[in-house]
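Grab a pencil and let's work through a few exercises on how strands and helices fit together. Each one has a task and then a stepwise solution.

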Amino acid sequence: MDRTAYALIATDLDGTLLRGDDTVSDRSRAALARVAEAGARHLVVTGRPAPRVRSLLDDLGCTGLAVCGQGAQLYDAGADRLLWSVTLDRELAETALGKIEAEVGQVHAAVDQDGVDGLTLIEPGYLMPHPTLPAVRIERRDDLWCAPISKVLLRHPELSDDELAATARAVIGSLATVTMSGPGTVELQPCGVTKATGLALAAEHLGLSPWQTLAFGDMPNDIPMFDWAAHGVAMANAHPELKAVADEVTESNEDDGIAVVLERLFPAVR
């Protein structure tokens, strides 16, 4: 790879840039500093909604754009506002959920509300895959639909994530896009919305293009981003589906896999 080709470094958070304890290592921070010194941009592209990523962006010193909510939100961290967002129609979401449950039995659901102050609501039985993230428990499923949402999160008491995602795709058709973004995280988002659509919009705002973009990820929801970018790097801990389409596999998130690649592409200035 020619390091001069990459002006935009797009990184997922969970399982990619973040370690298991939701922190960014000193080595990864130093590697991202090299990127900035070289004049390239670092762009967070995450499934987390904007309110759940604000503190992480602050910690990283990110004051520019971030792609949140699986591509449903383009967030301006410096201004703390959404430049663009798309919501999942709540009637369609409820219909999709019913179709899935008709096939697999009861699932446990949660929603991310739209907006910079949107809440994560979880129904009885739903366990947050990231217990450090704040959530509000509601009493009835109907309460999930009380305000506009960006996505629905699903868990099944017995099926694996792969099995649940495959069934969901088979039965809901064009009602929503089904993604799998991490252990215990199968999601329904607006039809046609992916990390790639959000990344493309962010790149357009920055005046950058796919061939200038290097992307890092770990789950199947990163596949569209890899398809869009010039070069996709999967973590050693990545899902097999992502590794199968990656241009390169690096070390795990716990072993600073992003830093390993960036140190090679952006040598320290002497």
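**Exercise 1.** In this predicted model, find which residue of strand 4 stands opposite Ala 66, then work out how the strands around it are joined.

*Solution.* Start with Ala 66: across from it, in strand 4, is Tyr 75. Next, look at the strands themselves: strand 3 (residues 65-68) and strand 4 run antiparallel, joined by 4 bridges. Now check the hairpin they make: 4 residues lie between the two strands, and Gly 69 takes a positive phi near 60°. Then go to the other neighbour: strand 5 (residues 81-85) is also antiparallel to strand 4, with 4 bridges. There, Leu 74 has Trp 84 as its bridge partner. This second hairpin has 4 residues between its strands too, and Asp 80 in the turn has a positive phi of about 50°.

**Exercise 2.** Sort the side chains of strand 4 (residues 73-76) by the way they point.

*Solution.* Remember the rule first: side chains in a regular strand alternate between the two sheet faces. Here, Gln 73 and Tyr 75 go one way, while Leu 74 and Asp 76 go the other. Are they buried or exposed? All of them are buried.

**Exercise 3.** Find the edges of the open sheet of 6 strands.

*Solution.* Write down the order, 8-7-6-9-11-10, with mixed pairing. Strand 8 (136-137) and strand 10 (177-182) each have a single partner strand, so one side of each lacks a neighbour in the sheet. For strand 8, 2 bridges join it to strand 7 (residues 120-122), and the two run parallel. Ile 122 has Arg 137 in strand 8 as its bridge partner.

Conventions: Residues are numbered from 1 along each chain as its sequence is written. This is a predicted model: local features need pLDDT of at least 70, side-chain atom pairs count only at pLDDT 80 or more; totals for chains, interfaces and linings use all residues. Side-chain values use heavy atoms; hydrogens and water are left out. Buried means under 20% relative accessible area, exposed over 50%, partly exposed in between (1.4 Å probe, protein chains only). Two strands pair if DSSP finds at least two bridges between them.
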